[in-house]
Amino acid sequence: MNQEKKIIAFCCNWCGYAAADLAGTRRLQYPCDVRIIRVMCSGMVHPEFVVEALTNGADGVMVVGCHIGECHYIDGNVKAADRYDMIVELMEDLGFEKERFGLYWISAVEAETFADAVEEMSEAIEIL
């Protein structure tokens with residue numbers, strides 16, 4: 001039996017969420033196992049949010065933000081990037097594989113890139 005996966009995607013309002021919305025408008029195909037949570041900035045995603053999602057049954061977590069240097073809040077995405085190693089270390093300490101977490105930089109017009117990122121994350125989790 002093929003069990004449906006659950007991927008939580010924390011998408012920044014200005015780029016990640018807009019790219020997801022554009023992917024839907026363009027009717028792009030990507031795995032339906034992603035659950036999008038809009039946040040104002042990728043820098044607002046605290047490591048506890050990632051761990052809580054995983055401990056509550058998510059198979060993977062994505063953080064999708066603006067490209068480095070293009071953050072609407074100046075350096076929020078840099079803060080998110082700085083947290084990456086801490087999140088991965090925390091996940092591994094709790095027994096989760098690091099492949100269950102992904103950090104992506106996608107602009108508002110990159111709908112195909114968003115769809116590809118979800119596909120990549122879904123395939124990585126399928127392997128696990």
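Is Cys 11 buried or exposed? At 0% relative accessibility, Cys 11 counts as buried. Keep in mind while you look around that this is a predicted model. Cys 11 makes a handy starting point, so let's begin with its strand and work outwards.

## The strand around Cys 11

Cys 11 belongs to one side of strand β1, together with Ile 7 and Ala 9, while Ile 8, Phe 10 and Cys 12 make up the other side. In a regular strand the side chains alternate between the two faces of the sheet. Here both faces of β1 are covered, and the residues on each side are all buried. Put another way, six of the six residues of β1 (residues 7–12) are buried, so the strand is largely enclosed by the rest of the structure.

## The sheet

What is the order of the strands in the sheet? Four strands form an open sheet, and they come in the order β2-β1-β3-β4, with parallel pairing. The edges are taken by β2 and β4 (101–105), each of which pairs on one side only. From one strand to the next, the twist averages 20°.

Here is how the neighbouring strands are joined, with one bridge pair picked out for each.

| Strand pair | Bridges and direction | One bridge pair |
|---|---|---|
| β1 (residues 7–12) and β2 (residues 34–39) | Six bridges, parallel | Cys 12 and Val 39 of β2 |
| β1 and β3 (residues 60–65) | Five bridges, parallel | Cys 11 and Val 64 of β3 |
| β3 and β4 | Five bridges, parallel | Val 63 and Leu 103 of β4 |

So the two cysteines at the end of that list of β1 residues look to separate strands: the bridge partner of Cys 12 is Val 39 in β2, and that of Cys 11 is Val 64 in β3.

## Helices on the sheet

Now for the helices. Helix α1 (residues 16–25) teams up with β1 and β2 to make a right-handed β-α-β unit. You can see α1 lying across β1, β2 and β3, and it runs at about 115° to β1. Helix α2 also packs on the sheet, where it touches β1, β3 and β4. The direction of α2 makes about 145° with that of β3.

Which residues does Ala 53 contact, leaving aside its neighbours within four places in sequence? They are Ile 8, Ala 58 and Val 61. Ala 53 sits in α2 (residues 47–55), and Ile 8 is one of the buried residues of β1. Ala 53 itself counts as buried, at 15% relative accessibility. If you want to relate Ala 53 to another part of the chain, try Met 121: the two are 68 residues apart along the chain, and their C-alpha atoms are separated by 15 Å.

## Two helices together

Two packed helices are described by the angle between their axes and the distance between the axes. For α2 and helix α3 (residues 76–93), the angle is about 35° and the axes are 10 Å apart. The crossing of α2 past α3 is right-handed. On the α2 side, the contact is made by Pro 47, Val 50, Val 51 and Leu 54. On the α3 side, Arg 83, Met 86, Ile 87, Leu 90 and Met 91 do the job.

## Back to the cysteines

How many disulfides does the model have? The count comes to zero. A disulfide is a covalent bond between the sulfur atoms of two cysteines. The cut-off used here is a pair of cysteine sulfur atoms within 2.5 Å. For Cys 11, the nearest cysteine sulfur is that of Cys 12, 7.7 Å away, and Cys 11 is in no disulfide. Cys 41 is in no disulfide either; the nearest cysteine sulfur there is that of Cys 71, at 3.8 Å. Cys 41 is buried, with a relative accessible area of 6%.

## Two loop residues

Finally, have a look at a couple of loops. Arg 27 is in the loop between α1 and β2. Its phi is near 60°, a positive value in a residue other than glycine. With 69% relative accessibility, Arg 27 counts as exposed. Ile 74 lies in the loop between β3 and α3. Ile 74 is not a glycine, yet has a positive phi of about 70°. Ile 74 counts as exposed too, at 73% relative accessibility.

Methods:
Residues are numbered from 1 along each chain as its sequence is written. This is a predicted model: local features need pLDDT of at least 70, side-chain atom pairs count only at pLDDT 80 or more; totals for chains, interfaces and linings use all residues. Side-chain values use heavy atoms; hydrogens and water are left out. Buried means under 20% relative accessible area, exposed over 50%, partly exposed in between (1.4 Å probe, protein chains only). Two strands pair if DSSP finds at least two bridges between them. A crossover is right-handed if, with the strands pointing away from the viewer, the path from the first strand over the helix to the second runs clockwise. Contact means heavy atoms within 4.5 Å. Axes are lines fitted to C-alpha atoms, for helices over the stretch in contact, and angles run from 0 to 180 degrees between N-to-C directions. A crossing is left-handed if the near helix is turned anticlockwise from the far one by less than a right angle, and right-handed if clockwise.
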